[in-house]
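Biologist: I'm new to this structure, so could you pick a single part and take me through it closely? I'd also like to hear how that part fits in with the rest.

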Amino acid sequence: MNDKLRGAVIGFGFISGRGHVPAYLQRVDQQKDVEIVAVADTCEERRQAAQKTLPKARIYADYKSLLAAEAKNLDFVDISTPPCDHAEIAHAAFDLGLHVLCEKPLTTTLESAKAMLQHAKKAQRVLFPCHNYKHAPVVKAIREIIATGRIGKVRSLTLSTYRNTHAKGVTEWKTHWRREKRFSGGGIAMDHGSHTFYLTFDWLGAYPTAVTAKMSNLEPDKYDTEDNFSCVLGFPGGLAHAHLTWTAGMRKVVYTVQGEKGGITVSDDDLELAIMEQTGGPDVAQGAVKWTTEKRSVASDWMDASHVGWFNSLFDQFKTAIATGDFVGKEARESYLCIQLITTAYRSAADGCRELPLATEVPV
Ligand SMILES: NC(=O)c1ccc[n+]([C@@H]2O[C@H](COP(=O)([O-])OP(=O)(O)OC[C@H]3O[C@@H](n4cnc5c(N)ncnc54)[C@H](O)[C@@H]3O)[C@@H](O)[C@H]2O)c1
């Protein structure tokens, strides 16, 4: 492998056109450790857009012709198509000895997620999901506070994601593909659930053992996927409550982390840390408990849905995984657990919110 990683982007839509590729171009200038040599997109207008952005790249009409012509010139593929095609493209890339950076959700069924992890292990090539919310500055700040022990052991979480609409793909292709199950595999839980769930794993320092879920589709005549989703995850040491909506009149994330000695509240960039001080008895009513609060703003650019500013910190991890031979690392394993959670939550919601068990082992 050269010092410079040579990559191909499959799917030149919103996330790669506005997020990944601008971040790669920044690396081409600064770290000089990556080169995008080829792009494949099934849509002619998106191929033209790719050629404009990357004049030196070779452009293909599908991933198969790209891989046939370019595999020998590549170290990795960046899969940025809708989820229905992630697995097929990843298998083809592993067969040709390439590493895979794959957008979330890893895939749409547990069986295909397992097969992807197993193939990566067998091919000895890295499978790395784009779990980019971990790279948001305010999310990194939450993680740092938990690690100091200042709020004590984390016992409960709430994670709410408010969106005024489903996320749209580029207008030149199928802009509403997220509402069509055949492309997306599901609605807001499939589209956004991974981000919520890998954050719960991180903040509670464990994997959930049970889920109960409820969801709705307010436009069943138009779409076959859910637009609102809520669930409760049971962890060995606590609970996490997740709420995802595409029908809110606002765009925002609100996270709370409740520890035994304090708590964190985040609303987009605004972070408040409350530390509890027991001055005698157990109860605030007797004036026996005091809180000191610290407030700060951690600029995280939440309104930019491409999250371009978070990408290179994630790409650094992908690069390290390649350099160290960490083929099916923590992130890949957690992407499998996210798919297990989403698909099990769908079964729970379909069965009157019945609580269903989750495995914490990854079968690879
Ligand atoms: N991590 C994040 O924050 C984030 C944000 C947005 C999207 N995403 C993910 O990125 C992926 C793409 O989403 P998007 O919003 O960019 O969608 P999009 O519709 O904007 O782009 C998809 C592109 O892929 C092309 N395409 C479709 N099928 C293809 C195939 N089989 N081979 C080659 N090209 C194909 C389309 O022509 C289009 O240009 C999804 O998995 C989505 O969940 C992640």
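Modeller: Let's start with Asp-301, which sits in the loop between β14 (289-297) and α9. Keep in mind that this is a predicted model. Asp-301 has a positive phi of about 55 degrees, although it is not a glycine. That catches the eye because most residues other than glycine have a negative phi. Is Asp-301 buried or exposed? Somewhere in the middle: Asp-301 is partly exposed, because it has 16 other C-beta atoms within 10 Å, and a residue would need 20 or more to count as buried, or 12 or fewer to count as exposed.

Now step along to the helix on the other side of that loop. Helix α9 covers residues 308-324 and packs with helix α1, residues 14-29. Their axes are 8 Å apart and meet at an angle of about 65 degrees, and the crossing is right-handed. If you want to find the spot on screen, α9 brings Val-308, Phe-311, Asn-312 and Phe-315 to the contact. From α1 come Arg-18, Gly-19, His-20, Pro-22, Ala-23, Gln-26 and Arg-27. Sorted by class, that makes 5 nonpolar, 4 polar and 2 charged residues.

Next, pull back to see where α9 belongs. The protein is divided into domain 1 (5-132 + 309-328) and domain 2 (134-301 + 339-357). The centres of these two domains, taken over C-alpha atoms, are separated by 27 Å. Their contact takes 22 residues from domain 1 and 21 from domain 2. Which elements give two or more residues to domain 1's side of that contact? They are α2 (44-53), α5 (110-123) and our α9. Of what goes into that side, α9 gives the most, with 4 residues. By class, the domain 1 side has 11 nonpolar, 8 polar and 3 charged residues.

There's a ligand to look at too, and both domains have a share in it: each gives at least three residues to the shell around the ligand. In total, 29 residues surround the ligand, and the closest are Gly-11, Gly-13, Phe-14, Cys-43 and Gly-169. That shell splits into 14 nonpolar, 8 polar and 7 charged residues.

Back to odd backbone spots, since Asp-301 has company. Asp-268 also isn't a glycine, and its phi is positive too, at about 50 degrees. You'll find Asp-268 in the loop between β12 (262-267) and β13 (270-278). Asp-268 counts as partly exposed because it has 19 C-beta neighbours inside 10 Å; the cut-off for buried is 20 or more.

Another oddity is a peptide bond. Most peptide bonds are trans. The one joining Lys-104 and Pro-105, though, is cis, with omega at about -15 degrees. Pro-105 is in the loop between β5 (99-102) and α5, and α5 is one of the helices on domain 1's side of the domain contact.

For contrast with those two aspartates, try Phe-229 in strand β9 (residues 228-235). Phe-229 is buried, because 28 other C-beta atoms lie within 10 Å. Leaving out residues up to four places away in sequence, Phe-229 touches Ile-188, Ala-189, Ala-213, Met-215 and Leu-244.

Methods
Residues are numbered from 1 along each chain as its sequence is written. This is a predicted model: local features need pLDDT of at least 70, side-chain atom pairs count only at pLDDT 80 or more; totals for chains, interfaces and linings use all residues. Axes are lines fitted to C-alpha atoms, for helices over the stretch in contact, and angles run from 0 to 180 degrees between N-to-C directions. A crossing is left-handed if the near helix is turned anticlockwise from the far one by less than a right angle, and right-handed if clockwise. Two residues are in contact if their C-beta atoms, placed from the backbone, lie within 7 Å. Ala, Val, Leu, Ile, Met, Phe, Trp, Tyr, Cys and Pro count as nonpolar, Asp, Glu, Lys and Arg as charged, and the others, Gly among them, as polar. A residue is near a molecule or strand if its C-beta atom, placed from the backbone, lies within 6 Å of it. Domain bounds come from an automatic or database domain assignment.
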